[in-house]
Each structure stands twice: as C-alpha cells, then as structure tokens.
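Q: I would like to learn how to read a model like this one, feature by feature. Could we start with the vocabulary and then look at the case at hand?

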Amino acid sequence: VTGVNTADFALTTTGGIGGAAVTGVSGSGSLYTVTVNTGSGSGTLRLDVVDDDTIVDGGANPLAGPFSAGQVYTIDKTAPAVVRVTSTTLDGTYGSGAAINVTVDFTEPVTLAGGSLRVTLSTGDLVTFAPITALTTVSGFYTVGAGDNSPDLDSATPLTLSAGTLRDAAGNACVLTIPGGQTLAALKNLVAVAPGIEDGDG
C-alpha cells in the first residue's frame, strides 16, 4: 500500500498518560513501522488506524477501516519507592549479641541487581540485603555489638546501594528516601545497649 503517514493513526489512552503522539511512520509495501512518543504519566495505550481513504493499494482501492482492535500496551512511568523501614522484633532493650530484625517495604515489586541494598542504623552499623527478584519486602538482621548504644534504634534516609540497580519490572529506578514518620525509630521502640570492652591491669 501507499499513502501511509502519521495522520492515518490515532492513539487511544487510559489512566494518567498525557502528551502521547504518533511521531513518525516509515516503511513501504505491506510493512510499516509507526513511532510513538508515549508522553508522560502511566496507563495504557493503543494504536488505531484512521479511515481517511489516503491509504490505497496498487489498484487505488482505499483501505477498508477504521481499525481499533490492536494490541494494548501498558505504560509504567511511576517509580517504585520505599514505604517504610520497620522490624518484626518486639519493642524492648537488647544487649550484646542480640539479633534485631530490619525490614524494608516497597510500593511494588522491585529487583536488585549488581550490588546490595544498605540500611544505615543510628549505631553506625549497616544492614545489607543481597540481590532480589520481584519482591515487595526484604528483611535482614543487625547484631548488637560491643560499644553500641542507641536509645531509640533508627534508620538513616535515604537508603543506599553499594552498586548496581534497584528497579521495578518497567525499569523505573526505586526512590530510596524513607517517607516521613516511616523510619525504624518512628515505628518501633528498640533500644540497643552493649557496653564496650575496657582494658584493665587485672
């Protein structure tokens, strides 16, 4: 066919997509490639063919249309984020050698690749999480060590990555800032107290 151009196509969108547009058409004969700018926001998008009689075959017969039963594409531009840093450990005071759970929740499944996720605690210790695939929650443990002293164990914001990426299925990078009121100290009452080792003459 011939006479194929951007005016022969229209986009049907749902959700929060805005500014999407057909930006180009290339090809010839029976195969054409349509380029689309997906705009901003998330939702779904479908490419439709408009029946304006400009597309014709070799005998100058116009295309019978319109066509609006094509594939629907999901557009996800919403970045995943940290929901909270909390703990399954009961509130209380914990001494040297005690293991305290540290849990991070996300807004959607995320995949960590090429490095580790790190939570810095108010004692200066790091809780690290190994690579994960499509999880909304990760859990690790902090072991109270000699000299640790935190009257209300807390998690610093933002969380950090040693390397690599933390992304959702669409490839959006995770926001590592902990929302206000959702840190470990805000949600739990955990006290870590472990006196240091002092040298003496005996």
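A: Gladly! Let us begin with exposure: a residue is buried when its relative accessible area is under 20%, exposed when that area is over 50%, and partly exposed in between. Keep in mind that this is a predicted model.

Q: Is A134 buried, exposed or partly exposed?
A: A134 has a relative accessible area of 47%, so A134 counts as partly exposed. The residue sits in strand β11.

Q: What is unusual about the backbone of A134?
A: Here is the general idea: most residues other than glycine have a negative phi, and most peptide bonds are trans. A134 is not a glycine, yet its phi is positive, at about 50 degrees. D53 is another non-glycine residue with a positive phi, of about 65 degrees. D53 lies in the loop between β4 and β5, and with a relative accessible area of 49% it is partly exposed.

Q: Which peptide bonds are cis?
A: One is the bond from G65 to P66, where omega is near 0 degrees. P66 belongs to the loop between β4 and β5 (72–75). Another is the bond from T157 to P158, also with omega near 0 degrees. For P158, look in the loop between β12 (149–150) and β13 (160–161).

Q: Now the overall form. How many helices and strands are there?
A: The protein has one helix and 15 strands. Its radius of gyration is 27 Å, well over the 17 Å that the globule rule gives for 202 residues, so the protein is more spread out than a compact globule. The box filled by the C-alpha atoms, taken along the principal axes, is roughly 105 × 30 × 20 Å.

Q: What share of the residues is buried?
A: Of the 202 residues, 32% are buried. The protein exposes about 10,600 Å², and carbon and sulfur atoms supply 54% of that area.

Q: Where should I look for a nonpolar core?
A: As a general guide, nonpolar side chains tend to be buried together in soluble globular proteins. In this model the largest nonpolar core has 29 residues, and those with the most contacts inside it are V104, F106, L117, V119, Y142 and L159. Several strands give two or more residues to this core, including β6 (82–86), β9 (117–120), β11 (132–143) and β15 (190–193). The top contributor is β8, with six residues. Apart from this core lies another, of five residues, among them V4, V22, V49 and I55.

Q: Which residues does Y142 touch, beyond those up to four places away in sequence?
A: Y142 touches A98, A99, I100, V102, L121, T123, D125, V127, D148, L153 and A192. For the protein as a whole, 67% of the contacts between residues at least 6 apart in sequence join residues at least 24 apart.

Q: Could we look at a charged residue and its surroundings too?
A: Try R46, in strand β4 (residues 43–49). Leaving aside neighbours within four places in sequence, R46 is in contact with A10, L11, T12, S68, G70, Q71 and V72. From R46 to D8 the separation is 38 residues in sequence and 14 Å in space, C-alpha to C-alpha.

Q: How many positive and negative side chains does the protein have?
A: There are 6 positive and 18 negative side chains, and the centres of the two sets lie 2 Å apart.

Notes: Residues numbered from 1 in each chain as written. Predicted model: local features only at pLDDT ≥ 70, side-chain atom pairs only at ≥ 80, totals over all residues. Heavy atoms only, no water. Core = buried A, V, L, I, M, F, W, Y, C linked by side-chain atoms within 4.5 Å. Buried < 20%, exposed > 50% of the residue type's maximum accessible area, 1.4 Å probe, protein only. Helix = DSSP H or I, 4+ residues; strand = E, 2+ residues; numbered from the N terminus. Contact = heavy atoms within 4.5 Å. Rg over C-alpha atoms; globule rule 2.2 N^0.38 Å. Areas by Shrake-Rupley, 256 points an atom, 1.4 Å probe, with all protein chains shown as cover. Lys, Arg positive; Asp, Glu negative; His and termini not counted. Charge placed at Lys NZ, Arg CZ, Asp CG, Glu CD.
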